[in-house]
Amino acid sequence: LRGALGEIRHRWVRPEDAELLLAMIGCVLRQHGSLGSLWKSLDDDSEETVLPTLGRFVAAIQAMPVDPLQQRARVARRADDKSHELPSITSILLTSPDRGSACKRMNLFLRWMVRPADGVDLGLWSEFVSASRLVMPVDVHVMRFCRKLRLTRRPNPDQQSAHEITRRF
C-alpha cells in the first residue's frame, strides 16, 4: 500500500494513516465481502437511528487484525521541542457515537450510501438501511446555521445536538 499511496496527504492524514485505514478495510472485505455486508450483520432496524449500529460498525473495523507496525503511535512536536501523543487516526477518521461524537464524517458516509442514487448519493445501501434512521451530519458550521434557525440552542456540535437537529428536521 505504501508504494501505491506515495506521499499523498490530506490535511492531517498522512500516508501511513491512509495505509492503516485501507488495511482495516481490506480485512473487512476479506472477512465479509463488503462494508455493506458487515453493516447488515450488525444492524438492528428496530433501533430508532443508525447510531447504535454505527458504534458496532466502527468497533468491528477498528478490531480488524492488521499488522501491529501499522498501528504506530502518532506524535506531535511543539515549537518548544516537547512532544505529545496524538489520538489514533482510526479514532479520528472512524468516529463512534459510543464516545459521544456527532460523527459528522461517518454520518455523511451513511447518507451517501443510504439515500437514493441521485448524482450525489450512491444509494448502495438503500435496500437494507432506511433513510429515516439517518442522523444529520453536524459540525461547527452546521451548528451556526441551526442555532440561527433556532433548530437547537445547544452550544456544541455533539451527538445530542445532532439528535436534536435531526428531530427538528
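This is a chat about the helices and the overall make-up of one predicted protein model.

Colleague: Before we zoom in, how many helices and strands are there in the protein chain?

Modeller: Keeping in mind that this is a predicted model, the protein chain has eight helices and two strands, and read along the sequence they follow the pattern α-α-α-α-β-β-α-α-α-α.

Colleague: And what share of the residues is buried?

Modeller: Of the 169 residues in the protein chain, 40% are buried. As for the surface, the chain exposes about 10,200 Å², and carbon and sulfur atoms supply 53% of that area.

Colleague: Ok, helices now. What do people use to describe two packed helices?

Modeller: They use the angle between the two axes together with the distance between those axes.

Colleague: So what are those values for H3 and H4?

Modeller: The axes of helix H3, which covers residues 35-42, and helix H4 come within 9 Å and cross at roughly 125 degrees. Angles from 65 to 115 degrees count as roughly perpendicular and those over 145 as roughly antiparallel, so H3 and H4 are oblique to each other.

Colleague: Is that crossing left-handed or right-handed, and which residues make the contact?

Modeller: The crossing of H3 and H4 is right-handed. On the H3 side the contact is made by Leu35, Leu38, Trp39 and Leu42, while H4 brings Thr53, Leu54, Arg56, Phe57, Ala60 and Ile61. Sorted by class, the contact of H3 with H4 has eight nonpolar residues, one polar and one charged.

Colleague: What about H4 and H6, how do their axes cross?

Modeller: Helix H4 (residues 51-62) and helix H6 (residues 104-114) have axes that come within 12 Å and cross at roughly 105 degrees, and H4 and H6 are therefore roughly perpendicular to each other. Leu51, Leu54, Phe57 and Val58 of H4 make this contact with Met106, Asn107, Phe109 and Leu110 of H6.

Colleague: And how do those residues divide by class?

Modeller: The contact of H4 with H6 has seven nonpolar residues, one polar and no charged ones.

Colleague: Changing topic: where is Ile25, and why does it count as partly exposed?

Modeller: Ile25 lies in helix H2, which covers residues 15-32. Its relative accessibility is 24%, so Ile25 counts as partly exposed, because that class sits between the 20% and 50% limits.

Colleague: How far is Ile25 from Val66?

Modeller: Ile25 and Val66 are 41 residues apart in sequence, and their C-alpha atoms are 9.8 Å apart in space. Across the protein chain, residues 24 or more positions apart account for 49% of the contacts with a separation of 6 or more.

Technical notes. Residues numbered from 1 in each chain as written. Predicted model: local features only at pLDDT ≥ 70, side-chain atom pairs only at ≥ 80, totals over all residues. Heavy atoms only, no water. Axes fitted to C-alpha atoms, helices over the stretch in contact; angles between N-to-C directions. Helix = DSSP H or I, 4+ residues; strand = E, 2+ residues; numbered from the N terminus. Parallel < 35°, antiparallel > 145°, perpendicular 65-115°, else oblique. Contact = heavy atoms within 4.5 Å. Nonpolar A, V, L, I, M, F, W, Y, C, P; charged D, E, K, R; others polar. Left-handed = near helix turned anticlockwise from the far one by under 90°. Buried < 20%, exposed > 50% of the residue type's maximum accessible area, 1.4 Å probe, protein only. Areas by Shrake-Rupley, 256 points an atom, 1.4 Å probe, with all protein chains shown as cover.
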